[in-house]
Amino acid sequence: MKANANKKVKAPLTVEQKIKRRTFISFGAFGAMGLGAVASWKWLLAAPEETPGITGGTRVPLRRALNKTELFFRNFFSNKHLVKTYPVADAAKTPRVNSLIGIEDDENFDADDWKLTVKFKNKTNQYISLEAIKALPKTEIVYDFKCVEGWDEIQHWAGVKLSDFLAHFKLEEEAKKQYMGLETPNGSYYVGLERESILHPQTILAYEMNGKPISIDHGAPLRLIVPVKYGIKNLKRIGTMSFSNNRPRDYWAEQGYDYYSGL
Amino acid sequence: MKVIKEKHSLLMRWTHWVNFPVLAVMIWSGLFIYWANDAYGISIFGYSLIKFFPEWFYDYFHISSRLAEGMAFHFLFMWFFFINGLLYILYTIFSGAWKALLPNKHTFKEAWQVLLHDLHIRKTVPPQKKYNAAQRIAYTLIILMGMGSVATGLAIYKPVQFYWLCWLCGGYHFARILHFALTIGYVFFFIIHIVQVALAGWNNFRAVIAGFEVIEEKPQLKHEPVITEKTENKDESKR
């Protein structure tokens, strides 16, 4: 009815006029949204970098997105989801060495003198020898090691299951805290891992590779193998272990990488 | 005389144009990630034909040493890519628009005719509704490719938690190759798409922004009032 009333006042639009009108409105809206998109993009590119702390090195909105995405995908994590394993024959004979931070920059390190240091909140330490760790049941795994860079390689590792280790050395109470922090003896490489990944049945403290003691470059005498994480979390040459309810410092998370980095 | 004919729904236009910058950011940030392990190339009989990518390419687009930044962008914009694609697919299913999109039993024969026509070998124009046969194949394929990118992407993003998906995609290593190959596919699609849009002309292009196209109808005295009435009604309902 309204349309009819209008018609009496104004002559109905011709087809030509309708085409012009709709084209104008549509292209106007399209242009406005295009400009909006460009402005949003510029805002994101120019967004300030986060204040360096536990995480660092990336734009504030991107870090927020990484953390939110982590929380979403942690919903799908289950210790029943196992990494695919392979026959020993598939394992690389000379596994790739990608990074030596915490190893090549530590000239004073003496492998024979090594003991794992477990640090407690009350400033006391517990020292655990390699012999004591090797005395525990051995767990082997042959799986596809995945690097955050994008390469993957089937590797053969053996050591003690981290959950067995925690149980044997009466660290279970301590491990109820949300995070575990691991650092090299000189503290130049360090990672933080959340509880569920520590307790994953395929997570091991490894002292053997391809059936032989681990070489210095691969993290002798003891390193972490955590198949539910990218290689960056698989710390070599563990010096200290600690537990906390806050995120421990993490080498790559400080440089713009996702803290979680889970697979 | 000229008649306005509705062609593309608002949702189709919206998702089409949102996808463009989102996919551009995904490819751009994807290159940052790929750079860190740029293992792929094409070789024939041991002779390396193409290497993805040559050094000048990385230099020109400033791609080197930006892995962390690339991952941060990629894992944000993946949400927009996914949600936008999902919107389009749901809409296409429930609106019935899939009938004009999916190939049917005539499509493959007709697509050949379209090809011959486009190459100026065959004069007669192949039958066409909203999309011609070649478009049906191309536009269905690109949607499947989008679904493939999401699936292979998720497979290499969480290969342990979504182990079944990783297995479906041929394992971690192969899924990464697929994910990369699909991206190269988008680039080819994009190039052909741009050429075809340019050749199809203004009326076709306007339809993807304004939603309608203008067709020339021969005046048929008897039916003319009915036709104009129709377009008027349509227009009013839009207001």
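Is A:Asn210 buried, exposed or partly exposed, and how many C-beta neighbours does A:Asn210 have inside 10 Å?

**Entry 1: A:Asn210 and A:Arg237**

I worked from a predicted model. I counted 18 C-beta neighbours inside 10 Å of A:Asn210, so I entered this residue as partly exposed. A residue needs 20 or more such neighbours to be called buried. I located A:Asn210 in the loop between strand E7 (204–209) and E8 of chain A. Its phi is positive, about 50 degrees, although A:Asn210 is not a glycine.

I then looked up A:Arg237, which also is not a glycine and has a positive phi of about 45 degrees. This residue lies in the loop between E9 and E10 of chain A. I found 27 C-beta neighbours inside 10 Å of A:Arg237, and therefore I listed it as buried. I noted the background to these entries: most residues other than glycine have a negative phi, and most peptide bonds are trans.

**Entry 2: cis peptide bonds**

Which peptide bond of chain A did I record as cis, with omega near 0 degrees? It is the bond from A:Ala220 to A:Pro221. I placed A:Pro221 in the loop between strand E8 (212–213) and strand E9 (223–225) of chain A.

In chain B, I recorded the bond from B:Phe52 to B:Phe53 as cis, with omega near -5 degrees. B:Phe53 belongs to the loop that joins strand E3 (47–51) to helix H2 (55–60) of chain B.

**Entry 3: the sheet of chain A**

I traced an open sheet of 5 strands in chain A, in the order E2-E1-E10-E5-E6, with mixed pairing. Why is one side of strand E2 (125–128) and of strand E6 (190–194) left without a neighbour in the sheet? These strands of chain A stand at the edges, and each has a single partner strand, so one side of each stays free of a neighbour in the sheet. I read an average twist of 20 degrees from one strand to the next.

Within this sheet I followed the pairing of strand E1 (residues 116–119) with strand E10 (residues 240–244) of chain A, which is parallel and runs over 3 bridges. In E10(A), the residue opposite A:Lys119 is A:Ser242.

**Entry 4: where chain B touches chain A**

I found 34 residues of chain B in contact with 36 residues of chain A. On the chain B side, the elements that give two or more residues include strand E1 (2–6), helix H1 (10–35), helix H3 (67–95) and helix H8 (172–200). Which element gives the most to this side? It is H3(B), with 8 residues. I sorted the residues of the side of chain B that touches chain A into 21 nonpolar, 5 polar and 8 charged.

**Entry 5: the domains of chain B**

I noted that chain B is divided into domain 1 (1–96 + 204–214) and domain 2 (98–200). Their centres, taken over C-alpha atoms, are separated by 13 Å. The contact takes 15 residues from domain 1 and 14 residues from domain 2. On the domain 1 side, H1, H3 and H9 of chain B each give two or more residues, and H3(B) gives the most, with 6 residues. By class, I entered 9 nonpolar, 5 polar and 1 charged residues for this side of domain 1.

**Entry 6: B:Val3**

I located B:Val3 in strand E1 of chain B. It has 16 C-beta neighbours inside 10 Å, so I entered B:Val3 as partly exposed. Finally, I looked up B:Val3 and B:Trp202, which are 199 residues apart along the chain; their C-alpha atoms are separated by 16 Å.

Methods:
Residues are numbered from 1 along each chain as its sequence is written. Chains are lettered from A and ligands numbered from 1 in the order in which they are written. This is a predicted model: local features need pLDDT of at least 70, side-chain atom pairs count only at pLDDT 80 or more; totals for chains, interfaces and linings use all residues. Two residues are in contact if their C-beta atoms, placed from the backbone, lie within 7 Å. Helices (H or I, at least four residues) and strands (E, at least two) are DSSP runs, numbered from the N terminus. Ala, Val, Leu, Ile, Met, Phe, Trp, Tyr, Cys and Pro count as nonpolar, Asp, Glu, Lys and Arg as charged, and the others, Gly among them, as polar. Domain bounds come from an automatic or database domain assignment. A residue is buried if 20 or more other C-beta atoms lie within 10 Å of its own, exposed if 12 or fewer, and partly exposed in between; C-beta atoms are placed from the backbone. Two strands pair if DSSP finds at least two bridges between them. Axes are lines fitted to C-alpha atoms, for helices over the stretch in contact, and angles run from 0 to 180 degrees between N-to-C directions.
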